[in-house]
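Me: I would like to learn how to read a protein model step by step, beginning with its surface and ending with single residues. Could you guide me through one?

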Amino acid sequence: GGGGGRVAVVAAPCEVIVCDPATARVVTRFWAEDKAECVGFAAGRLVTQERVSGGTRRVVRDVDAGDEEELGGDVRAVGPLTPDGRWMVRHAAPIVELVDLRDGRARRLHDGHEGLVHDAAWSADGALLATLAVSGAVRVWDVGAAELLWEFEAAARAAYALAFSPDRTHLYGVGSSFVAWGLDDGAERQRVALPGGDQALMPRCRVAVSPDGQRLLTNATWALVMVEQPAHAAQVRRQGYGHGNLGYLAFDGPTRYRTLAAHDAWPARGVDAWWYDLSSVQVAESHRGSEWSSFVAVDGDACAAVGLHQGDFV
């Protein structure tokens with residue numbers, strides 16, 4: 001997410017699309033010289049990692065102003081941005097640094113992880129950072145004080161992605177299992193095996209927490225799984241299959257959630273979005289390509305649909 005509900009996705013190896021998932025409207029798009037990857041997107045700042053002749057470059061783009069600037073510094077794995085778009089995580093075992101996207105300067109946060117950090121998550125206010133190493137070690141940091149608050153153990157494969165609860169009282173991990181830790185006393189609250197946990201996937205593992213903190217959604221095991229009451233008496237139920245390639249997963253208010261994916265089957269490159277209610281009944285879908293778009297919404301027995309093909313409404 002990049003502010004205003006916008007999302008950046010890679011629709012082809014070199015094409016990056018910024019879109020509004022509520023309508024699948026394309027806000028802007030650009031082409032990299034070679035394969036591109038979205039590193040982070042927040043408050044209108046988009047960071048991409050792009051392969052170029054002779055190596056790799058990282059670019060910071062102001063989506064609203066249309067400006068771009070190459071991000072210097074050593075080549076390291078990079079992670080998510082703070083919600084205000086100011087800081088980005090950069091890590092190379094065992095060091096974790098924070099990069100100021102305004103001037104590119106880095107400051108060391110810690111050098112505690114012994115292995116590669118493959119996921120990181122910010123709290124909603126940007127005050128806490130959680131890092132997850134491939135070994136399963138999880139660390140929670142007070143960024144302002146550069147102080148280690150908690151250290152947890154998820155075990156390898158038990159967690160591939162992290163998320164904070166909206167009220168910053170819990171940290172969640174998803175992978176082959178769902179794990180919840182309390183940030184008041186550092187205790188493990190929940191550990192529940194997820195359906196299909198033996199097929200846990202790392203590269204496309206997504207996790208979303210509802211605004212009220214009462215539900216968590218993840219595609220960590222290819223199946224889409226909902227965790228009810230994640231902070232206390234977690235109840236797990238499967239929502240559907242075949243969601244391993246999702247590029248985006250989020251709650252859209254208290255009663256529905258949405259998924260988004262890009263497709264690059266030439267010539268129909270575009271973005272697809274689907275909306276579901278909490279029982280996984282599809283209520284709307286939107287598809288957007290270079291020359292066509294469509295939107296369908298279902299409410300009870302009524303169906304509304306609109307399409308645009310080569311400039312003509314259908």
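Me: How much surface does the protein expose, and what share of it do carbon and sulfur atoms supply?

Reply: In this predicted model, the protein exposes about 14200 Å², and 49% of that area is supplied by carbon and sulfur atoms. Turning from the surface to the interior, 50% of the 314 residues count as buried.

Me: How many helices and how many strands are there in the protein?

Reply: The protein has 30 strands and zero helices. As for contacts across the sequence, among those with a separation of 6 or more, 34% are made by residues 24 or more positions apart.

Me: In what order do the strands E4, E5, E6 and E7 lie in their sheet, and is the pairing parallel or antiparallel?

Reply: In general, the strands of a sheet pair through backbone hydrogen bonds, and the pairing may be parallel or antiparallel. Here four strands make an open sheet in the order E4-E5-E6-E7, with antiparallel pairing. Strand E4 (36–42) and strand E7 (67–71) stand at the edges, and because each has a single partner strand, one side of each is left without a neighbour in the sheet. On average, and with direction ignored, neighbouring strands of this sheet are turned by 25° against each other.

Me: How many bridges join E4 to strand E5?

Reply: Strand E5 (residues 45–52) runs antiparallel to E4, and six bridges join the two. To follow one residue across this pairing, take cysteine 38, whose bridge partner in E5 is threonine 48.

Me: How many disulfides does the count give?

Reply: A disulfide is, in general, a covalent bond between the sulfur atoms of two cysteines. In this model the count comes to zero disulfides. Two of the cysteines can still be read by their accessibility: cysteine 14 is buried because its relative accessible area, 19%, is under the 20% cut-off, and cysteine 205 is likewise buried, with a relative accessible area of 10%.

Me: Where is arginine 238 placed, and which residues does it touch beyond those up to four places away in sequence?

Reply: Arginine 238 is in strand E23, which covers residues 235–240. With a relative accessible area of 36%, arginine 238 is partly exposed, because this value lies between the cut-offs of 20% and 50%. Leaving aside residues up to four places away in sequence, arginine 238 touches Pro195, Ala223, Leu224 and Val225. Arginine 238 can also be compared with methionine 226, from which it is twelve residues apart in sequence and 6.2 Å apart in space, taken C-alpha to C-alpha.

Methods
Residues numbered from 1 in each chain as written. Predicted model: local features only at pLDDT ≥ 70, side-chain atom pairs only at ≥ 80, totals over all residues. Heavy atoms only, no water. Buried < 20%, exposed > 50% of the residue type's maximum accessible area, 1.4 Å probe, protein only. Contact = heavy atoms within 4.5 Å. Areas by Shrake-Rupley, 256 points an atom, 1.4 Å probe, with all protein chains shown as cover. Disulfide = S-S within 2.5 Å. Pairing = 2+ DSSP bridges. Axes fitted to C-alpha atoms, helices over the stretch in contact; angles between N-to-C directions.
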